[in-house]
Amino acid sequence: MGVNRNRIVVKVGTSTLTNELGNSNLRTVEELSLTLSDIQNKGYEIILVSSGAIAIGAQKMHLAEKPTELRMKQAAAAVGQCENMFLYDKFFGYYNKTVAQILLNADDIGDEEKKENLANTFEALLEQGIIPIVNENDSVSYKEIESDEKIFGDNDMLSAVVAVLCRADKLVILSDIDGFYDKDPRLWKTAKLMKRIESIDETTYALAGGAGSRRGTGGMRTKLQAADIATAQGIDVIVTNGKDPRILYDIVDGKETGTLFAAKKV
Ligand code: ADP
């Protein structure tokens, strides 16, 4: 089955959505909402995969630092998700857009019936011009926030699964770094940005270090896994910096930005 040419999944990480203090980065959320609304006005279908719930929730609950205990993380996720959706609803609302919240767990996609229902829900929302905003259901699932495997790795993998489920044309992963480098640029001044990657193998994984910021959790490894899944299904994946969301205009205009993981022919 082919992809939907005008359908784009955009994933935004915690490090882009929050500032150094762990508060919401309102400017970025506002610019992201404006840019995505404008791109939708150009005829694109947009799905936003957004993290940040635990960090924002922890701040709102006045916790001294990011919680480490599972039950407190899940409580923070419940508070932060509400705050995030409130902000998106407000900012997208300025541009006359309706948003919808979809919370998912890995098991939901493993189950055929749930998967089909989910795909139908996305179709119905997009058909109505609504922008679905997706996050892991952290208050229910513990795998994502606790397991070593980090099944969805701060939503990187989740965004790939959603892009495949919705047969999107592009997956854009907005990060706190300009793209994928030949080594971790936070550790190596000589690191070079890789503009295009045709295939992902063990040597590519060997170039990805751990997560960079205290607020981000996925690092480049989970972005590579996400790119691997999506490109195998004919979806182009772009990893680029989310500090200025207007970069999304360049992407829809086909300009070179960040790192492109080229879609495989399917
Ligand atoms: P996000 O919240 O945007 O997902 P992460 O902190 O999870 O952010 O992942 C991005 C970080 O991965 C970068 O800031 C960088 O320090 C780190 N990193 C490790 N290896 C690489 C690499 N080869 N290229 C780019 N970034 C890398």
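Which residues are buried in α3? Keep that question in mind during the tour, which opens with the whole chain and comes to this helix last.

This is a predicted model, in which local features need pLDDT of at least 70 and side-chain atom pairs count only at pLDDT 80 or more, while totals for chains, interfaces and linings use all residues. Residues are numbered from 1 along each chain as its sequence is written, and side-chain values use heavy atoms, with hydrogens and water left out.

Select the protein chain first and colour it by secondary structure: 11 helices and eight strands should appear, where helices (H or I, at least four residues) and strands (E, at least two) are DSSP runs numbered from the N terminus. The radius of gyration, taken over C-alpha atoms, is 17 Å, close to the 18 Å that the globule rule (2.2 Å times the number of residues to the power 0.38) gives for 266 residues, so the chain is as compact as a globular protein of that length. Along the principal axes, the C-alpha atoms fill a box of roughly 45 × 45 × 35 Å. Buried residues, meaning those under 20% relative accessible area with a 1.4 Å probe and protein chains only, make up 53% of the 266 residues.

Next, select T28, which is found in helix α2 (residues 26-41). At 6% relative accessibility, T28 counts as buried. Show its side chain together with that of N25, since a polar contact of 3.1 Å joins the two; such a contact is a pair of N or O atoms within 3.5 Å, of which, within protein, one must be able to donate a hydrogen and the other to accept it, and residues adjacent in sequence count only if both atoms are side-chain atoms. Leaving aside neighbours within four places in sequence, T28 is in contact (heavy atoms within 4.5 Å) with T16, G242, K243 and P245.

Move on to I46 in strand β2 (residues 45-50), a residue that counts as buried at 1% relative accessibility. Not counting residues up to four places away in sequence, I46 touches I8, L36, I39, Q40, L126, I130, I131 and P132. Add A168 to the selection: I46 and A168 are 122 residues apart in sequence, but 9.2 Å apart in space, C-alpha to C-alpha.

Finally, select helix α3 (residues 53-60), where six of the eight residues are buried, so the helix is largely enclosed by the rest of the structure. The buried residues are A53, I54, A55, I56, G57 and A58. Just after α3, stop at H62, which takes a positive phi of about 60°.

Note on methods. Buried < 20%, exposed > 50% of the residue type's maximum accessible area, 1.4 Å probe, protein only.
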